[in-house]
Each structure stands twice: as structure tokens, then as C-alpha cells.
Amino acid sequence: MANLLLELQALGQSIWLDFISRQLITSGQLKRMIDENGLRGMTSNPTIFQNEIVQSNVYDDAIRVILKAQPNIAVEDMYDRLTIETIQLACDVMRPVHEATDGFDGMVSLEPSGRQAYDTQTTIADVRRLWKTVARPNVMIKVPATPPSIPAIEALIAEGININ
């Protein structure tokens, strides 16, 4: 039986997964999806992360490690660390796709907090921070297309930051 996803890839279509999970990455399932089904990228969002953090035990060990080092860490900072670590893991698995396609595919999208969506300078600062912290060439940062974010998008693309 033909693999329809690979047939789509042969026609030039890049298949992205609109989902991320630390379990998906650490179990090897993400790599299998790349190798066997031609997966070419993936997106994330705060709801996906929140569900996995709250409704499973996947992040429990990472949370314990962070809390041991920083017992008074703010919830937002904890969330930030967990999501960045997961994005880095996903980027590392997707990196061979990114390299094989000269950067056309193999991206992993990270969505920052939506609170800055109406503040150009805050958006720029947060996206720069995420870009620097993730430190992977195949991370793509989501920026909402609000009127104040348009100049941010233009500035960030001009800096060479991958923007979704």
C-alpha cells in the first residue's frame, strides 16, 4: 500500500504536524514520523503545552529539577523553560530535514505569549529573546499579524529571524 504522505511530499507538499509533545520527541515517534511519513515541520501553541504539562506526568521530572534549583521560580518562567527545552529537542530531531532541504523545511514553530501582540517593541524584544535562547537555526517564532506587530515582523525578518 502506498504511503499517501510520502506521495504528497514527492509532489512538493510539505506535511507539518500541528502538535508537539515531549513524549512524542523522547519516545522516538517524531523521528519515525519524519523517516516513515515524510513529516517536514511542526507547530506548537500554549494550549498544547498547557495540556501536556497539566494533564500528564511527562514534565514531572523536569519540573522537579527546575524547582530544586529554583524553588521560588515564577510559573511563567517555569513554563518558559519547559517549552523552550521541548522546542530545542524537537528542533534537534528536525535538524537533518532542515539541513537536507537547505532550510526550506525542518522547522519547529514556537508561539510566545500573546500579551505583547499589540506592542511592537515588546514583541520584538520577546521574539529576539526566544530566538537567542532556543538557539536553533530551525526554530520559527510565531508573531500575530496585528497592526502593531506588522513593523515587528518586518524588523525581525530583516534580522534573519524565522517568523511564522
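Which residues lie nearest the centre of the largest pocket? In this predicted model, they are Glu76, Tyr79, Asp80, Ser113 and Arg115. The legends below begin with that pocket.

**View 1. The largest pocket and its lining.** The largest pocket holds about 550 Å³ of space. Its lining comprises 24 residues, with Glu76, Tyr79, Asp80, Ser113 and Arg115 nearest the centre. By residue class, the lining of this pocket consists of 13 nonpolar, 4 polar and 7 charged residues. Helix 4 (46-55), helix 6 (75-100) and helix 7 (120-134) each contribute at least two lining residues. Helix 6 provides the largest share of the lining, with 9 residues.

**View 2. The packing of helix 4 against helix 6.** The axes of helix 4 and helix 6 are 11 Å apart and form an angle of about 105°. Angles of 65 to 115 degrees count as roughly perpendicular, and helix 4 and helix 6 are therefore roughly perpendicular to each other. On the side of helix 4, the contact is made by Pro46, Phe49 and Ile53. These residues meet Tyr79, Leu82, Thr83, Thr86 and Ile87 of helix 6. The residues of this contact comprise 6 nonpolar and 2 polar, with no charged residue. Tyr79 of helix 6 takes part in this contact and is also one of the residues nearest the centre of the largest pocket.

**View 3. The surroundings of Ile34 in helix 3.** Ile34 is found in helix 3, which spans residues 29-37. Its relative accessibility is 9%, and Ile34 counts as buried because the value is under 20%. Not counting residues up to four places away in sequence, which would include Leu39 only if the limit were wider, Ile34 touches Leu39, Arg40, Val93, Met94 and Val97. The C-alpha atoms of Ile34 and Asn51 are separated by 24 Å, and these two residues are 17 residues apart along the chain.

**View 4. Thr146 in the loop between strand 4 and helix 8.** Thr146 is found in the loop that joins strand 4 (139-141) to helix 8 (149-158). The relative accessible area of Thr146 is 10%, so this residue is buried. Leaving aside neighbours within four places in sequence, Thr146 is in contact with Ala117 and Tyr118.

**View 5. Two non-glycine residues with positive phi, Asp102 and Ala135.** Asp102 is not a glycine, yet its phi is positive, at about 50°. This residue lies in the loop between helix 6 and strand 3 (107-110). Is Asp102 buried or exposed? Asp102 counts as exposed, because its relative accessibility is 76% and the cut-off for exposed is over 50%. Ala135 also is not a glycine and has a positive phi, of about 55°. Ala135 is placed in the loop between helix 7 and strand 4.

**View 6. Ala125 in helix 7.** Ala125 has its place in helix 7, one of the helices that supply at least two residues of the lining of the largest pocket. With a relative accessibility of 46%, Ala125 counts as partly exposed. Ala125 and Ala152 are 27 residues apart in sequence, and their C-alpha atoms are 9.3 Å apart in space.

Definitions and conventions:
Residues numbered from 1 in each chain as written. Predicted model: local features only at pLDDT ≥ 70, side-chain atom pairs only at ≥ 80, totals over all residues. Heavy atoms only, no water. 1 Å grid on protein atoms, 1.4 Å probe; cavity = no way out; pocket = protein on both sides within 12 Å on 5 of 7 lines; lining within 4 Å. Points joined across faces, edges and corners; volume = space filled by probe spheres on them. Helix = DSSP H or I, 4+ residues; strand = E, 2+ residues; numbered from the N terminus. Nonpolar A, V, L, I, M, F, W, Y, C, P; charged D, E, K, R; others polar. Buried < 20%, exposed > 50% of the residue type's maximum accessible area, 1.4 Å probe, protein only. Contact = heavy atoms within 4.5 Å. Axes fitted to C-alpha atoms, helices over the stretch in contact; angles between N-to-C directions. Parallel < 35°, antiparallel > 145°, perpendicular 65-115°, else oblique.
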